[in-house]
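Reader: I am new to this and would like some help reading a few features. Could you take me through them?

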Amino acid sequence: MSQLIALPLIAILAILLAKVPAIAQFGLSALPLAIMLGMFFGHLNTRVAAGREIAFICFCQQKLLRGGIILFGFSLSFQQIISVGWQALVLDMLVISSVFCVGTYVGIRFFKLDKELAILTSVGSAICGAAAILATESVLKPRQQHVTVAVASVVLFGTLAMFSYPFIYQFSGMSEQAFGIYIGSTVHEVAQAVAAGEAVGGEALQNAVVVKLIRVMMLAPFIFILSAFLLRRSDSNSARSPGRRIAIPWFVFGFMAASAINSVLLLPEALLSTLQLTSQFSLAIAMAALGVQTRWSTIRHAGAKPMLLSLMLFVMLIFGGFYLNQWLIVA
């Protein structure tokens with residue numbers, strides 16, 4: 001089957017499967033499902049991609065991904081930030097900055113990983129999993145195998161983290177509302193925040209989703225800051241790389257504009273649902289395109305170090321995030 005047809009079908013199937021209760025309870029959203037289905041199709045499909053198919057894959061991973069992120073802004077509003085208090089905003093900022101900085105430093109310095117792989121793995125753990133990795137890819141321009149390995153490791157430990165929260169809640173001593181903030185500030189994916197919060201209770205679910213969406217909102221300024229940092233590094237090395245420039249990720253401003261519009265205008269519910277479904281479909285196709293190009297041999301070839309880095313960040317999110325929540329929220 002041509003990938004021009006297969007990728008949209010995979011995205012639709014992933015969205016439908018994510019709505020099945022037996023699958024949703026495992027925190028598997030349409031995005032990781034699209035990656036897995038894409039990998040399955042990629043291994044079964046023996047056809048070599050033709051010119052139009054290659055161009056379509058690039059279109060999905062670049063244009064559709066960015067469009068999906070822009071439209072995802074309509075899922076967020078500034079009122080959501082106000083509803084959980086300034087402490088949750090500070091908490092999310094501390095989690096993102098500490099996980100990203102520690103992960104990048106340890107990955108490069110101690111695990112001797114390529115810079116791009118260390119950054120992608122760290123940003124996936126720090127912000128919102130696979131979507132954050134693909135958004136950061138537009139700035140880093142890494143090798144495809146680095147993207148594949150980073151996504152695989154983050155999906156694995158994000159799923160493991162999600163199943164840990166109901167167990168931790170029994171011994172945490174936190175209220176249900178406070179534990180929901182803990183979930184949202186430390187879990188990897190939005191769907192995992194929904195699943196973990198629902199397992200604890202209704203109040204936990206509400207706070208988990210809001211705090212997690214605030215973390216997702218921070219993807220926009222993070223990409224902009226990372227792009228500016230890399231641009232300055234590029235300028236400082238201009239003697240060795242003459243004329244090299246890193247483009248500003250303009251989709252970041254679209255994401256922020258969509259959030260601002262959703263904050264100040266009362267959009268019809270039908271329109272919001274359509275925009276959110278379009279965003280999900282666009283992102284799912286981008287994930288399916290990534291999955292189609294993924295091979296298990298690539299993940300095996302990367303070795304144990306990327307998985308060890310993701311494991312370290314998983315532990316940091318669970319335990320470090322717990323104590324940050326105790327300090328900022330519970331105290």
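Author: Happily; we will look at backbone angles and then at aromatic rings. This is a predicted model, in which local features need pLDDT of at least 70 and side-chain atom pairs count only at pLDDT 80 or more, while totals for chains, interfaces and linings use all residues. Residues are numbered from 1 along each chain as its sequence is written, and side-chain values use heavy atoms, leaving out hydrogens and water.

Reader: What is the phi of Lys-112 near?

Author: Most residues other than glycine have a negative phi. Lys-112 has a positive one, near 60 degrees. Lys-112 sits in the loop between α6 (86-109) and α7 (115-140); helices here are DSSP runs (H or I, at least four residues), numbered from the N terminus.

Reader: Is Lys-112 buried or exposed?

Author: Buried means under 20% relative accessible area, exposed over 50%, and partly exposed in between, with a 1.4 Å probe and protein chains only. Lys-112 is exposed, at 60%. Lys-141, in the loop between α7 and α8 (144-172), also has a positive phi, about 55 degrees, and is exposed at 61%.

Reader: How many aromatic pairs does the structure hold?

Author: Rings of Phe, Tyr and Trp (its six-membered ring) pair if their centres lie within 6.5 Å; planes under 30 degrees apart are stacked, over 60 edge-to-face, and the rest tilted. The structure holds 11 such pairs. One of them, Tyr-165 with Phe-179, is edge-to-face, with 6.4 Å between centres and 75 degrees between planes. This pair links helix α8 to helix α9 (residues 176-186), 14 residues apart. Tyr-165 is buried at 0%, and Phe-179 is buried at 0%.

Conventions:
Helices (H or I, at least four residues) and strands (E, at least two) are DSSP runs, numbered from the N terminus.
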